[in-house]
Amino acid sequence: MTYSLSHSAQKELKFEITYLVAKFGRRRALFAILMTYWRGKGRPPDAAYRLNNHLLKDVGLPEATDTTQNSWRLRA
């Protein structure tokens, strides 16, 4: 049996906006959409700064040069 899934981002976006307008009203939905657009996506936090040199080497990152600073970061 073959299953084909048709994906249309434009249809999904239209559906989501229609849902938001129906649930919260036009003004609140428009304000939330605009604030999200202006705020941007942002950047995910770096989890690698907390790793010790051994783990940094394992994942292919350069080792920390100052080991006291690295151990301080481990505790934080």
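How much accessible surface does the protein have, and what share of that surface belongs to carbon and sulfur atoms? In this predicted model, the accessible surface of the protein comes to about 7600 Å², and 60% of that surface belongs to carbon and sulfur atoms. Of the 76 residues of the protein, 5% count as buried.

**Overall architecture**

The protein has 4 helices and 0 strands, and its elements, read from the N terminus on, follow the order α-α-α-α. Helix H1 covers residues 9-24 and helix H2 covers residues 26-39, while helix H3 takes in residues 53-58 and is joined to H2 by a loop that contains Asn-52.

**The pair H1 and H2**

Two packed helices are described by the angle between their axes and by the distance between the axes. The axes of H1 and H2 come within 7 Å and cross at roughly 130°, which means that H1 is oblique to H2. The crossing in which H1 passes H2 is right-handed. On the side of H1, the contact is made by Ile-17, Leu-20, Val-21 and Phe-24, and on the side of H2 by Arg-26, Arg-28, Ala-29 and Ile-33. Sorted by character, the residues of this contact comprise 6 nonpolar and 2 charged residues, with no polar residue among them.

**Individual residues and their spatial partners**

Three residues can be described in terms of their location, their accessibility and a partner elsewhere in the sequence. Tyr-19 lies in helix H1 and, with a relative accessibility of 42%, counts as partly exposed, because that value falls between the limits of 20% for buried and 50% for exposed. Ala-32 has its place in helix H2 and is likewise partly exposed, at 39% relative accessibility. Asn-52, found in the loop between H2 and H3, has a relative accessible area of 29% and is also partly exposed.

The table gives, for each of these residues, the partner, the separation along the chain and the distance between the C-alpha atoms.

| Residue pair | Separation in sequence | C-alpha to C-alpha distance |
|---|---|---|
| Tyr-19 and Ala-29 | 10 residues | 9.4 Å |
| Ala-32 and Leu-20 | 12 residues | 9.5 Å |
| Asn-52 and Ala-64 | 12 residues | 7.9 Å |

Two of the partners in the table return to the helix pair described above, since Leu-20 of H1 and Ala-29 of H2 are among the residues that make the contact. Which residue has its C-alpha atom 7.9 Å from that of Asn-52? The partner is Ala-64, which stands 12 residues from Asn-52 along the chain.

Notes
Residues numbered from 1 in each chain as written. Predicted model: local features only at pLDDT ≥ 70, side-chain atom pairs only at ≥ 80, totals over all residues. Heavy atoms only, no water. Axes fitted to C-alpha atoms, helices over the stretch in contact; angles between N-to-C directions. Parallel < 35°, antiparallel > 145°, perpendicular 65-115°, else oblique. Left-handed = near helix turned anticlockwise from the far one by under 90°. Contact = heavy atoms within 4.5 Å. Nonpolar A, V, L, I, M, F, W, Y, C, P; charged D, E, K, R; others polar. Buried < 20%, exposed > 50% of the residue type's maximum accessible area, 1.4 Å probe, protein only. Areas by Shrake-Rupley, 256 points an atom, 1.4 Å probe, with all protein chains shown as cover.
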